[in-house]
Amino acid sequence: MKSDIHPDYHSIKIVMTDGTEYETRSTWGAEGDVMNLDVDPTSHPAWTGGSGNMLDRDGRVSRFKKKYGGLGI
């Protein structure tokens, strides 16, 4: 293994959007830096199940529902 090619792996503090904090190890920043998150599992719709509105471009969803709506699936 080559020496001096790997990034420094050190401890940093993560601050979530709700203010909770935890310490982890990372190659980001420097030892003791603080990473403030703008989006995290407590605020992002992908994790919270936010509005599940489907974007219907050119009526594709409505055409699909019209064509296959009677299958009872």
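## A salt bridge, a sheet and a greasy-side-chain patch

If you search this whole structure for salt bridges, you find one. Keep in mind as you look around that this is a predicted model. The partners in the salt bridge are Lys13 and Glu21, and their closest N and O atoms sit 3.7 Å apart. That distance counts because the cut-off for a salt bridge is 4 Å.

Is Lys13 buried, exposed or partly exposed? Its relative accessibility is 32%, so Lys13 goes down as partly exposed.

### The sheet

Now for the strands. Three of them make an open sheet, in the order 2-1-3, and the pairing is mixed. Which strands are at the edges? Those are strand 2 (21-26) and strand 3 (34-36), and each of them pairs on one side only. On average, neighbouring strands in this sheet are turned by 35° against each other, if you ignore direction.

Strand 1 covers residues 10-15 and runs parallel to strand 3, with three bridges joining the two. Lys13 turns up again here: opposite Lys13, in strand 3, stands Val34.

### The nonpolar patch

Let's move on to the surface. Phe64, Tyr68 and Leu71 together make a nonpolar surface patch of about 340 Å². Where do these residues come from? Phe64 and Tyr68 both belong to helix 2, four residues apart, which is about one turn of the helix. Leu71, on the other hand, is found in the segment after helix 2 (60-68).

How open is each member of the patch? Here is the rundown:

| Residue | Relative accessible area | Class |
|---|---|---|
| Phe64 | 53% | exposed |
| Tyr68 | 38% | partly exposed |
| Leu71 | 55% | exposed |

Why do Phe64 and Tyr68 land in separate classes? Exposed means over 50% relative accessible area, and partly exposed runs from there down to 20%. Phe64 has 53%, so Phe64 counts as exposed, while Tyr68 has 38% and is therefore partly exposed.

### The ring pair

Two members of the patch also have something going on between their rings. How many aromatic pairs are there? The count comes to one. This pair is Phe64 with Tyr68, whose ring centres are 4.9 Å apart. The planes of the two rings make an angle of 45°, and the pair is classed as tilted. The label fits because planes under 30 degrees apart would count as stacked and planes over 60 as edge-to-face.

So when you open the structure, try finding Phe64 and Tyr68 in helix 2, then look for Leu71 in the segment after the helix.

Note on methods. Residues numbered from 1 in each chain as written. Predicted model: local features only at pLDDT ≥ 70, side-chain atom pairs only at ≥ 80, totals over all residues. Heavy atoms only, no water. Salt bridge = Lys/Arg side-chain N within 4 Å of Asp/Glu carboxyl O. Buried < 20%, exposed > 50% of the residue type's maximum accessible area, 1.4 Å probe, protein only. Patch = residues over 30% accessible without salt bridge, like charges linked within 9 Å, V, L, I, M, F, W, Y side chains within 5 Å. Areas by Shrake-Rupley, 256 points an atom, 1.4 Å probe, with all protein chains shown as cover. Phe/Tyr/Trp six-rings, centres within 6.5 Å; stacked < 30°, edge-to-face > 60°. Pairing = 2+ DSSP bridges. Axes fitted to C-alpha atoms, helices over the stretch in contact; angles between N-to-C directions.
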